[in-house]
Every structure is written in C-alpha cells, then in structure tokens.
Amino acid sequence: MACQRVRDIRERQKPGTIEIRVLRKWISKCKKEELCYQFCDAHGDCIEATADVKHIEYFDSVIQLQSCYKVTGYICIGPRTYMATVDHPASLVIGQKAKFDRTTNDNIPTAYFNFATYDTIKGRIKDSRLLTDYIGRVEKNSMRPTSTGKNLRKTLLQDEMKQQVEITLWPDMCHLIGDDVIPGDILAITSAKVTEHNGHLQLESTYLTTIVINPNTPQTVHHVDRLQALPAMQPTARNDQMVTILDLRMSSQQKIQSSRNFTCQARITQIHENRGWYYVLCTKCSNKLYQQEDNDNVIFVCKDHDDAVPNFKYCVNSTITDATGSADAIFFNESMHAILNIDCNDMVTKYGQPTNTRNIPEILKSIVDTPRLLHLTLKNDGQIVVNNVTDVAESSNIQSTGTTTGLSTFTPTTPLPNPNTSKRHLLQTSDAGPRKKLSHG
C-alpha cells in the first residue's frame with residue numbers, strides 16, 4: 001500500500017501510513033510543555049508531531065533523530081498555534097499506540113527549509129504563530145555589547161531580491177554565527193522571529209533557531225547560486241537625522257519609545273582611561289572571559305570551556321564635543337575599527353597589554369580632537385552609542401562661536417550642566433580554526 005503524503009494530512013482525518021525522516025526534536029516552552037518533533041517525507045513536505053513530555057524516555061527509545069520510519073497509529077489534529085516551525089494546516093499527536101517501523105530511504109531530505117520572501121515576512125511582524133526561515137548573503141557581521149554587559153550578534157543579509165534584512169542573535173544564541181563568518185558567506189536560517197526596529201524589518205533568534213553556513217543541500221543549491229551571482233551591495237545613503245550634541249542631550253531627558261539613529265559631527269575630546277578600552281570574549285562561545293592568576297602569570301578563563309582563546313573587542317568610553325556642548329558616548333568595535341583601521345586583537349598584541357585594559361596605547365590617544373561624522377544610536381536610557389564613523393574635513397558645522405547649524409526637531413528644555421569630565425596566545429585572525437561550520441540550536 002502506498003504511503004500517504006504528509007502535505008495531504010488534515011485535522012480529524014483517519015491516519016494512514018506515512019514514511020518520514022525525523023529531522024528535529026525539542027521541548028516547547030509554551031504554557032504547556034510538549035515534546036515536539038519535525039517529520040519530513042520524500043517529497044520534502046514537513047509536519048510537526050507532539051507527545052507527552054512525561055514520556056520522553058519512552059520516545060527516546062523509539063525515535064532517533066535522522067532515522068526513517070513508517071508511522072501509523074497517530075492522531076491528526078489542528079496545527080500548533082505558537083512558534084510553529086512548519087506551515088501546515090494540521091499536526092500529529094503521538095502516544096504509545098503509535099507505531100514506528102524503522103526503514104531506509106535515501107530520498108527523504110535530511111534538512112527542511114521553507115524560505116520566506118521579504119514581502120512575506122512583512123506580514124509576520126510580532127506574530128509568533130509561525131516562525132520564519134530565511135536565506136541571504138552576509139554583507140556585514142559584528143558583535144555588540146548590550147547595556148547589561150552581555151553580547152549580541154548583528155548580521156546584515158542581502159536576499160535574492162536585493163532586499164536587506166538584519167538578524168539579531170541574542171546572547172544565548174550568539175554561537176550560531178562566529179567572527180569567522182565574512183561578507184559573501186550564505187546563511188540558511190530557520191525558526192526566527194520577525195520584528196521591527198527603527199522602522200526596519202529584522203529577524204531575531206529564538207531558542208529553536210538553527211543556522212547553516214554555506215549550505216550545500218539539494219534544497220538550497222538554487223538559492224545559493226542566485227545569491228552568489230548578486231553584485232556587491234551598494235552602500236545605501238544614510239538618512240539619519242543630522243543633530244547636534246545639545247539636541248541629543250535634550251532628547252535624552254524626554255521619554256522616547258525606542259532607540260533612535262542620528263548623525264552628529266563632533267570630535268572625541270577625551271578618552272576615559274579609567275573605564276578601559278576593550279573587553280574580552282571566548283572564541284568558542286562568545287562568553288565573557290575572566291582573568292585568573294596562574295603562578296606568576298595572568299591568564300584568561302571561560303566559565304564553560306578549557307584553554308580559552310581570547311578575542312578582544314573595542315569598547316572605548318569617551319566624551320564627544322561640538323559647538324553646542326559635550327556628552328559621554330561609547331565607541332564599540334565597528335566604529336573604532338573605522339577610525340583606527342586596525343583590528344582590536346592586533347591593537348592589543350602590538351600596542352597594548354592583554355591583562356591591563358586601562359593602559360591605553362598612544363595610537364588610540366591620537367584620535368582625539370579630529371572632527372568626524374558619528375553615526376550613532378540614542379538608547380531609550382539616554383546612552384549614546386557610536387555605531388560607525390566617517391572622516392570629514394573641518395566643517396562650518398562645528399564652530400568656535402557656538403553657533404548651532406544642525407537640524408533639530410527636539411523641543412528644547414532647560415540646558416544641562418557639562419558632564420564631568422600570557423600563557424595563552426592572543427587571538428589572531430588565522431587562529432580561529434575552520435571557517436565553515438554547521439551550527440545547531
């Protein structure tokens with residue numbers, strides 16, 4: 001008897017025999033915990049199945065990931081309605097009467113992707129019923145610390161229609177994309193959430209997100225070919241509002257709903273040496289590294305891995321100044337690299353001290369008092385974070401007379417007073433190990 005196609009299964013339908021491969025297994029984090037599986041047939045169609053999490057030991061003895069089975073005795077119900085990984089009008093319930101007979105079928109795919117288009121994801125903003133698969137070519141990749149001291153990953157992608165989408169990996173998922181992922185690499189992403197940030201669509205990782213770097217499966221080859229054939233992404237004209245530091249300081253006292261992006265022409269007038277100028281991450285997991293005394297040496301240690309190799313990232317606390325005033329600002333890795341044109345690992349190796357963040361190299365001190373265009377974000381807590389920097393010639397926008405030429409739309413308030421003014425080798429680019437990898441959530 002021929003097996004039923006997965007795509008034809010409907011709610012309340014009498015079950016037939018399906019031949020599937022078990023692609024994924026997880027425990028849902030909904031109000032009711034469930035043991036979940038993703039089944040795929042030889043046609044590449046997928047359906048989700050759920051079981052009682054209390055019987056996980058039994059199902060672990062019956063069902064193995066990537067194994068193929070002929071399955072009977074399941075129950076057909078409606079689809080899962082929260083964070084579903086498959087767009088299907090039904091799902092399966094399996095209990096101890098479900099029968100799994102092991103088979104071998106090389107025609108059943110070993111991975112499943114249902115890539116959404118840019119137009120499709122517009123309708124999924126903040127809709128958690130169905131998670132999103134997406135594929136794109138890397139254009140930019142960086143790690144950014146948060147105000148709480150954790151790290152998140154920001155990777156800008158270009159899709160087959162030349163649309164740009166950024167994916168944010170939260171701290172517990174940062175390991176899915178490493179620093180070894182470079183522009184031109186292809187990312188096949190599954191089970192992401194669609195959100196909106198500063199008016200732009202973006203993807204966010206979930207606990208179910210997986211990422212395949214440079215996939216080579218039959219299901220992805222035509223996508224990869226089209227992405228690789230795309231011309232290099234042209235820099236887009238920045239339309240951030242031009243503001244002065246006075247504008248920023250006034251707005252930081254007003255209630256704003258979210259972070260906002262601006263451009264400000266200003267100088268770095270002071271580097272706060274007591275705050276240090278870099279932070280250190282583990283190359284294996286992106287966790288913060290800690291210093292530890294080892295005989296007469298100080299080494300870096302990770303809470304999760306032995307023999308941690310440090311990865312140094314810029315974090316420069318400074319004062320920026322224009323004709324209207326001064327404010328504190330933080331320059332992270334991308335913006336400092338744009339100014340210095342040297343990787344932080346190389347800076348520490350050549351000019352700094354790996355275990356003394358307050359020993360600021362002279363080359364870093366030399367960036368003071370040069371006018372630059374600062375592309376920055378004003379956080380909702382008033383913190384100013386400089387994301388990128390463009391060098392400019394001396395401009396009339398910064399004048400000693402104190403004249404403000406920025407275009408301000410903020411309502412002025414009472415002006416504020418001026419702010420107070422190893423044993424283990426360092427990470428080199430070649431030390432990161434194999435660049436291509438398959439990451440699982």
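# A tour from helix H6 outward

Start at helix H6 and select aspartate 343: at the start of H6, one of its side-chain oxygens comes to within 2.9 Å of the backbone nitrogen of asparagine 345. Keep in mind during the tour that this is a predicted model.

Next, select the whole of H6, residues 344–351, and colour Cys344, Asn345, Met347 and Val348, which are buried. Looking down the axis of H6, you will find these buried residues within an arc of 165°, so they line one face of the helix. What do the buried residues of H6 pack against? Show strand S16 (278–282), strand S19 (310–322), H5 and helix H7 (362–365), for these are the elements they pack against.

Move to helix H5, residues 333–340. Its buried residues include Asn333, Ser335, Met336, Ile339 and Leu340. They cover an arc of only 165° around the axis, which puts them on the same side of H5. After H5 comes asparagine 341, and its phi is positive, near 55°.

Stay with methionine 336 and display its surroundings. Leaving aside residues up to four places away in sequence, methionine 336 touches Tyr314, Val316, Phe331, Asn341, Leu364 and Ile367. Methionine 336 also belongs to the largest nonpolar core, which has 40 residues; Trp277, Phe331, Met336 and Leu364 touch the most other members. Which strand gives the most to this core? Select strand S15, residues 260–271: it contributes 5 residues. A second core, separate from this one, has 22 residues, among them Tyr37, Ile47, Ala49 and Ala98.

Now turn to an open sheet of 7 strands. Trace the order S5-S6-S3-S2-S1-S4-S7, where the pairing is mixed. At the edges lie strand S5 (75–77) and strand S7 (99–103), each paired on one side only. From one strand to the next, the twist averages 40°. Within this order, pick out strand S2 (residues 35–40) and strand S3 (residues 46–51), which run antiparallel and are joined by 6 bridges. To see one opposing pair, select leucine 35 and alanine 51 in S3.

The last stop is strand S13, residues 210–213. Which way do its side chains point? Thr210 and Val212 point one way, Ile211 and Ile213 the other, and all are buried. In a regular strand, side chains alternate between the two faces of the sheet. Add strand S11 (residues 186–197), which runs antiparallel to S13 and is joined to it by 4 bridges. Isoleucine 189 is opposite isoleucine 211 in S13.

Notes. Residues are numbered from 1 along each chain as its sequence is written. This is a predicted model: local features need pLDDT of at least 70, side-chain atom pairs count only at pLDDT 80 or more; totals for chains, interfaces and linings use all residues. Side-chain values use heavy atoms; hydrogens and water are left out. Buried means under 20% relative accessible area, exposed over 50%, partly exposed in between (1.4 Å probe, protein chains only). Helices (H or I, at least four residues) and strands (E, at least two) are DSSP runs, numbered from the N terminus. Two strands pair if DSSP finds at least two bridges between them. Axes are lines fitted to C-alpha atoms, for helices over the stretch in contact, and angles run from 0 to 180 degrees between N-to-C directions. The arc is that of the directions from the helix axis to the C-beta atoms. A nonpolar core is a set of buried Ala, Val, Leu, Ile, Met, Phe, Trp, Tyr and Cys residues joined through side-chain atoms within 4.5 Å. Contact means heavy atoms within 4.5 Å. A polar contact is a pair of N or O atoms within 3.5 Å; within protein, one must be able to donate a hydrogen and the other to accept it, and residues adjacent in sequence count only if both atoms are side-chain atoms.
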